[in-house]
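Here is a friendly tour for anyone who likes to look at a fold with the coordinates open alongside. Take a look first, then read on.

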Amino acid sequence: VALGHPVAPQDTLLRFASDGLAWNGAWYWAFAIVVVAPVVEEILFRGYLFTGLAVVLRPWPTQLATAILFGLAHGLGHALPIGVLSLLFGYLRQRHGALLPGMLAHALHNALTLGLVVHWPGLLDLLYAR
């Protein structure tokens, strides 16, 4: 529940919770979630966007703007928690001056989330107050 409004889990997470890895395309989606999404999203948000904003903004406003846009890109209902997580990725980008640490943290987060949902489907009920 976000600000008094129910937020549905993402459809792919629901599918993994209900069917685990035993559905056609599960391994494709797992690869996309754990590898492709972190690489692409970090290049777009902490690569291009972060770098462009850093030219005109100080470090913390750059991180906040990037985090807000990253959160909103995942949908209004998920914007706050994903935006907060994005602050970690932005910190890693700024601290190390490279995308790889954020990509690895992003991939680890997605892998843990996916693994927990597959092995403990009831987690979605706890996280989304369903």
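The notes below go from the overall fold to single helices and then to single residues.

This is a predicted model, and its average pLDDT is 94. The protein has six helices and zero strands, so the pattern along the sequence reads α-α-α-α-α-α. The radius of gyration is 16 Å, close to the 14 Å that the globule rule gives for 130 residues, so the protein is as compact as a globular protein of that length.

**Overall shape and confidence**

- The C-alpha trace spans about 45 × 35 × 20 Å along its principal axes.
- Of the 130 residues, 34% are buried.
- Taking contacts between residues at least 6 apart in sequence, 59% join residues at least 24 apart.
- A pLDDT of at least 70 is reached by 96% of the residues.
- Among the elements, α2 has the highest mean pLDDT, 98, and α6 has the lowest, 87.

**The largest nonpolar core**

- Twelve residues form the largest nonpolar core: V7, L13, F16, A17, W23, A26, A30, L114, V117, V118, L124 and Y128.
- At least two residues of this core come from each of α1 (11–19), α2 (26–56), α5 (100–119) and α6 (123–128).
- A26, one of the core residues, is in contact with F16, G20 and L21 once neighbours within four places in sequence are set aside.

**Helix α5, with a buried side and an exposed face**

- With 20 residues at 1.5 Å a residue, α5 should span 28 Å, and its end C-alpha atoms are indeed 28 Å apart.
- The buried residues of α5 are G102, M103, H106, A107, N110, L114, V117 and V118.
- These buried positions lie on the same side of α5, because they cover an arc of only 130° around the axis.
- Turned away from that buried side is a face carrying the exposed residues L104, L108, L112 and H119.
- The cover over the buried residues of α5 includes α1, α2, α3 (59–73), α4 (79–96) and α6.
- Three of the buried α5 residues, L114, V117 and V118, also belong to the largest nonpolar core.

**Helix α4, built along similar lines**

- From its first C-alpha to its last, α4 reaches 25 Å with 18 residues, close to the 26 Å expected at 1.5 Å a residue.
- Buried in α4 are A79, I82, G83, S86, F89, G90, L92 and R93.
- An arc of only 160° around the axis takes in these residues, which puts them on the same side of α4.
- L80, P81 and R95 are exposed on the other side of α4.
- Among the elements covering the buried residues of α4 are α2, α3 and α5.
- G97 follows α4 and has a positive phi, near 65°.

**Residues worth a click**

- E42 lies in helix α2. Is E42 buried or exposed? With a relative accessibility of 0%, E42 counts as buried.
- Beyond residues up to four places away in sequence, E42 touches A37, G47, F89, L99, G102, M103 and H106. Of these partners, F89 is among the buried residues of α4, while G102, M103 and H106 are among those of α5.
- E42 and R93 are 51 residues apart in sequence, and their C-alpha atoms are 9.2 Å apart in space. R93 is itself buried in α4.
- T66 sits in helix α3 and is buried, with a relative accessible area of 1%.
- Which residues does T66 contact, leaving aside neighbours within four places in sequence? They are F45, R46, L49, F50, L53 and S86. S86 is one of the buried residues of α4.
- V56 belongs to helix α2. In contrast to E42, which is buried, V56 is exposed, with a relative accessible area of 63%.
- V56 and I82 are 26 residues apart in sequence, with 24 Å between their C-alpha atoms.

Methods:
Residues are numbered from 1 along each chain as its sequence is written. This is a predicted model: local features need pLDDT of at least 70, side-chain atom pairs count only at pLDDT 80 or more; totals for chains, interfaces and linings use all residues. Side-chain values use heavy atoms; hydrogens and water are left out. A nonpolar core is a set of buried Ala, Val, Leu, Ile, Met, Phe, Trp, Tyr and Cys residues joined through side-chain atoms within 4.5 Å. Buried means under 20% relative accessible area, exposed over 50%, partly exposed in between (1.4 Å probe, protein chains only). Helices (H or I, at least four residues) and strands (E, at least two) are DSSP runs, numbered from the N terminus. Contact means heavy atoms within 4.5 Å. The expected span of a helix is 1.5 Å times one less than its number of residues. The arc is that of the directions from the helix axis to the C-beta atoms. pLDDT is the predictor's confidence in each residue, from 0 to 100. The radius of gyration is taken over C-alpha atoms; the globule rule is 2.2 Å times the number of residues to the power 0.38.
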